[in-house]
Amino acid sequence: DDQILERFALIVAQQSLHFALQLNWILQAAIEDYQPETSQGEPNPAYNPLFYSRCVKLLANIERCAVYGTPRTHELQRLYERGK
């Protein structure tokens, strides 16, 4: 199931900024490939609305994971600041 793979990617992206960045580049390329129009404004023959929307949604979620991290990250940061 594709949703399971997407959830797995989000979990790994929460743990690894390196992975999140690489996936970001891959998704940016896929979005460019599946977008409705080319950069010249002409219809894109490879346009796929399903793939395009899923890539956009997954990219937004990956960015959210990279910015906010895991809930445990905030707890560890507080412990570090307290010196424990």
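These notebook entries record what I looked up in a predicted model of a single chain.

**Entry 1. Overall make-up**

I began with the secondary structure. The chain holds four helices and zero strands, and its pattern along the sequence reads α-α-α-α. I then looked up burial and found that 20% of the 84 residues count as buried. For the contacts with a separation of 6 or more, I noted that 54% come from residues 24 or more positions apart.

**Entry 2. H1 against H2**

I next turned to the helix pairs. Two packed helices are described by the angle between their axes and the distance between the axes, so I looked up both values for each pair. H1 packs on helix H2, residues 17-34, at an angle of about 130° with the axes 5 Å apart. H1 is therefore oblique to H2. On the H1 side I listed Ala9, Val12, Ala13 and Gln15 in this contact, and on the H2 side Leu17, Phe19, Ala20 and Leu23. By class, the contact of H1 with H2 contains seven nonpolar residues, one polar residue and no charged residue.

**Entry 3. H1 against H3**

How are H1 and H3 set against each other, by angle and by distance between axes? I found an angle of about 25° and axes 9 Å apart. This makes H1 roughly parallel to H3, since angles under 35 degrees count as roughly parallel. The crossing of the two helices is right-handed. H1 contributes Asp2, Gln3, Glu6, Ala9, Leu10, Ala13 and Gln14 to the contact, while H3 contributes Arg54, Leu58, Asn61, Ile62 and Cys65. I recorded six nonpolar, three polar and three charged residues for the contact of H1 with H3.

**Entry 4. The salt bridge**

I searched for salt bridges, and the count came to one. Which residue does Arg54 pair with? The partner is Glu6, with the closest N and O atoms 2.7 Å apart. Arg54 belongs to helix H3, residues 49-68, and Glu6 to helix H1, residues 2-15, so the pair ties together parts that are 48 residues apart in sequence. Arg54 and Glu6 are also both listed in the contact of H1 with H3. I checked the accessibility of each partner. Arg54 is partly exposed at 25% relative accessibility, and Glu6 is partly exposed at 21%. Buried would require a value under 20%, so neither Arg54 nor Glu6 is classed as buried.

**Entry 5. Cys65**

Cys65 is another H3 residue that appears in the contact with H1. Is Cys65 buried or exposed? Its relative accessible area is 9%, so Cys65 is buried. Leaving aside residues up to four places away in sequence, I found that Cys65 touches Leu10, Ala13 and Gln14. I followed the pair with Ala13 further: Cys65 and Ala13 lie 52 residues apart in sequence, and their C-alpha atoms are 6.3 Å apart in space.

**Entry 6. H2 against H3**

I then looked up H2 and H3. Their packing angle is about 155°, with the axes 9 Å apart. These helices are therefore roughly antiparallel to each other, as angles over 145 degrees are counted that way. H2 passes H3 in a left-handed crossing. From H2 the contact takes in Leu17, Ala20, Leu23, Asn24, Leu27, Gln28, Ala30, Ile31 and Tyr34. From H3 it takes in Phe51, Tyr52, Cys55, Val56, Leu58, Leu59, Ile62, Glu63 and Ala66. I noted 15 nonpolar residues, two polar residues and one charged residue in the contact of H2 with H3.

**Entry 7. Two H3 residues from the contact with H2**

I examined Phe51 and Glu63, both listed in the contact of H2 with H3. Phe51 is found in helix H3 and is partly exposed, with a relative accessibility of 38%. From Phe51 to Asp33 the C-alpha distance is 9.7 Å, and the two residues are 18 positions apart in sequence. Glu63 is likewise found in helix H3 and is partly exposed at 37% relative accessible area. Glu63 and Leu21 are 42 residues apart along the chain, and I found their C-alpha atoms separated by 8.8 Å.

Conventions
Residues are numbered from 1 along each chain as its sequence is written. This is a predicted model: local features need pLDDT of at least 70, side-chain atom pairs count only at pLDDT 80 or more; totals for chains, interfaces and linings use all residues. Side-chain values use heavy atoms; hydrogens and water are left out. A salt bridge is a side-chain nitrogen of Lys or Arg within 4 Å of a carboxyl oxygen of Asp or Glu. Buried means under 20% relative accessible area, exposed over 50%, partly exposed in between (1.4 Å probe, protein chains only). Axes are lines fitted to C-alpha atoms, for helices over the stretch in contact, and angles run from 0 to 180 degrees between N-to-C directions. Angles under 35 degrees count as roughly parallel, over 145 as roughly antiparallel, 65 to 115 as roughly perpendicular and the rest as oblique. A crossing is left-handed if the near helix is turned anticlockwise from the far one by less than a right angle, and right-handed if clockwise. Contact means heavy atoms within 4.5 Å. Ala, Val, Leu, Ile, Met, Phe, Trp, Tyr, Cys and Pro count as nonpolar, Asp, Glu, Lys and Arg as charged, and the others, Gly among them, as polar.
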